[in-house]
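Visitor: I would like a close look at one part of this model, with its surroundings afterwards. Please keep to what can be read from the coordinates.

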Amino acid sequence: MSKLHNSEALSAISSAVDETHDGLAQFTEKLKAVDDIPAFWWGDHPVWVSPVVNNLLDPWPLKYVDENRVSVENSESEVTLIFSRNALREFSDTLLKTIMTEAEFTLFSDLATGLSLEESALRAGVATSTRRKQLQACFRKLNVVSQAELVSLANRVIDRLSTTLGALLGSADSEWTSYARYFPEGVRCGVLEDASRQAVRYLEIGPISGRPVFILHPMMFPNIEEADVELFHELGWRTIWPIRDGCLSSRNLAGIDWDRHCEQTVADIHTLQHMCADVPVPIIALVSSGAYATKFATAYPQCVERIDYVSTCFSAGKRKSRDVYFGDFLLRNLRQNGRMAVVAIQHIAGVVFGRNQLESTLRRVFKGSAVDQAVLDEEFATTARSERAKYAVRSSIDSMRYDYLSQLSFSWSSASKLETAKQFWHGAQDRVHNLDDLSKLSQKITGRKAKIIPELGHLTQGAPLRETFRQIAMEYSK
């Protein structure tokens, strides 16, 4: 990576998260140390995932990958997890409530890989007698009396770490099931399979016999409240929310480009439309999902009644706009260095989650809007609500990445070619996007003005979004 890219990375992260100098230094070290994109971050440690090399039972759970990394096999997920030695050391010290020296930890991990005391000494270039002294020190610190007992303890520590990391990796279905605890009564979660046995996750809200309305979520899933359930029953809407790959899932999709991701998203929406509605449906595209709604209508025009773009991120297609939010830096750097931007997103997600900075960061991003601040007041009013927000951020890293990529890969000119009825809706209190830019986009794409909601900001949840749904329902009845 060039010095220019590193400089921009520091500026980008500094503007996005309340980072200290040490935090920025950690980020640049990640950029130097990470050879390929990790599947996810565990705290400040990258974790890679690869298939299990063989299915033979191995009594030694730990393997050395290189000088700085080790691996373990996770039997439940049937994958190999690769992470730094420092990650294992931090976990061991915390779990065992002791601090080993570097030499003691090296011996501890060597024994867990199946090396003998003599082999460990040879590998480190020290005398076997030195290793014996370090072994005795480990006995005292860890309260064990034999080498066999020490190896057994090391294996248990490694198994615990494998389980911890495996839980973060979890399948999309299990994570979706876990996230369901944040939904109020009346929200129905489901998973369908298409003809190719591809799983499609979705949720439903509203009366089963109601009018089918498809709602496409933004990059991170918004909070759903009891008032939302009540509203959809009042409107008579059976809302269907397809859940895109990468949202509420820590499966690594880094090798899939945006076009393939978008094709899969369109196919998933079509599967749900065919199986849940089988009639042309109106689509409400929230914030960053406008590209997916447009692509679906382009591929399946007979399936779409109309599209309503709400709080749209309209900088797609390299449009010149006056966006002032932190996403700008990611767009700039994606154009120059996609790898750096991916690591930046993962770093931000890890930092705001690990240091409890999510609330302060979001408040700074949306500081110009009193309405958005009020939404954040509600979002962080209780521990349960704030935990939901953290969960949504941490388990939607790929969703964030693809939504930013869509702003490079998608062009609004394709929307203007659709014969489908279209309408833009935007908040008067949105301080993220410039309303003059939106007005020009709306006229170009739809030939009409955008509908402005007085008490809506950029954050699409809560009372402001419910008011928008009411306004859209009035349009449906015309």
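Visitor: How many disulfides does a search of the whole structure find? Please take the cysteines as the starting point.

Guide: The search finds zero disulfides in the whole structure, a disulfide being a pair of cysteine sulfur atoms within 2.5 Å. The model is predicted, so local features need pLDDT of at least 70 and side-chain atom pairs count only at pLDDT 80 or more, while totals for chains, interfaces and linings use all residues. Residues are numbered from 1 along each chain as its sequence is written, and side-chain values use heavy atoms, with hydrogens and water left out.

Cys138 has a relative accessible area of 1% and is therefore buried (under 20%; exposed is over 50%, partly exposed in between, with a 1.4 Å probe and protein chains only). Cys276, at 12%, also counts as buried.

Cys138 belongs to the contact between helices α4 and α6 (helices are DSSP runs of H or I, at least four residues, and strands are runs of E, at least two, numbered from the N terminus). The axes of α4 (residues 102–112) and α6 come within 9 Å and cross at roughly 90°; axes are lines fitted to C-alpha atoms, for helices over the stretch in contact, and angles run from 0 to 180 degrees between N-to-C directions. That makes α4 roughly perpendicular to α6, the word used for 65 to 115 degrees (under 35 is roughly parallel, over 145 roughly antiparallel, the rest oblique). On the α4 side, the contact (heavy atoms within 4.5 Å) includes Ala103, Leu107, Phe108 and Leu111. Leu135, Ala137 and Leu142 are among the α6 residues that take part.

Beyond α6 (128–142), Asn143 lies in the loop that leads to α7 (147–169). Its phi is near 60°, a positive value in a residue other than glycine. Most residues other than glycine have a negative phi. Asn143 has 68% relative accessibility, so it counts as exposed. Asp278 likewise has a positive phi, near 60°, and sits in the loop between α10 (258–277) and β10 (281–286). With 52% relative accessible area, Asp278 is exposed.

Strand β10 leads to the open sheet of eight strands, whose order is β6-β7-β9-β8-β10-β11-β12-β13, with mixed pairing (two strands pair if DSSP finds at least two bridges between them). β6 (187–193) and β13 (451–453) are the edge strands, each with a single partner, so one side of each has no neighbour in the sheet. From one strand to the next, the twist averages 25°. At the β13 edge, three bridges join β13 to β12 (residues 421–427), and the two run parallel. There Gly427 faces Ile453. Helix α19 (residues 435–446) packs on the sheet and touches both β12 and β13; its direction makes about 175° with that of β12.

Elsewhere, β4 (residues 69–74) has five of its six residues buried. β4 runs antiparallel to β3 (residues 63–64), joined by two bridges, and the two form a hairpin with four residues between them. Tyr64 stands opposite Val70 in this pair. β4 also runs antiparallel to β5 (residues 79–84), through six bridges, and Arg69 has Ser84 of β5 as its bridge partner.
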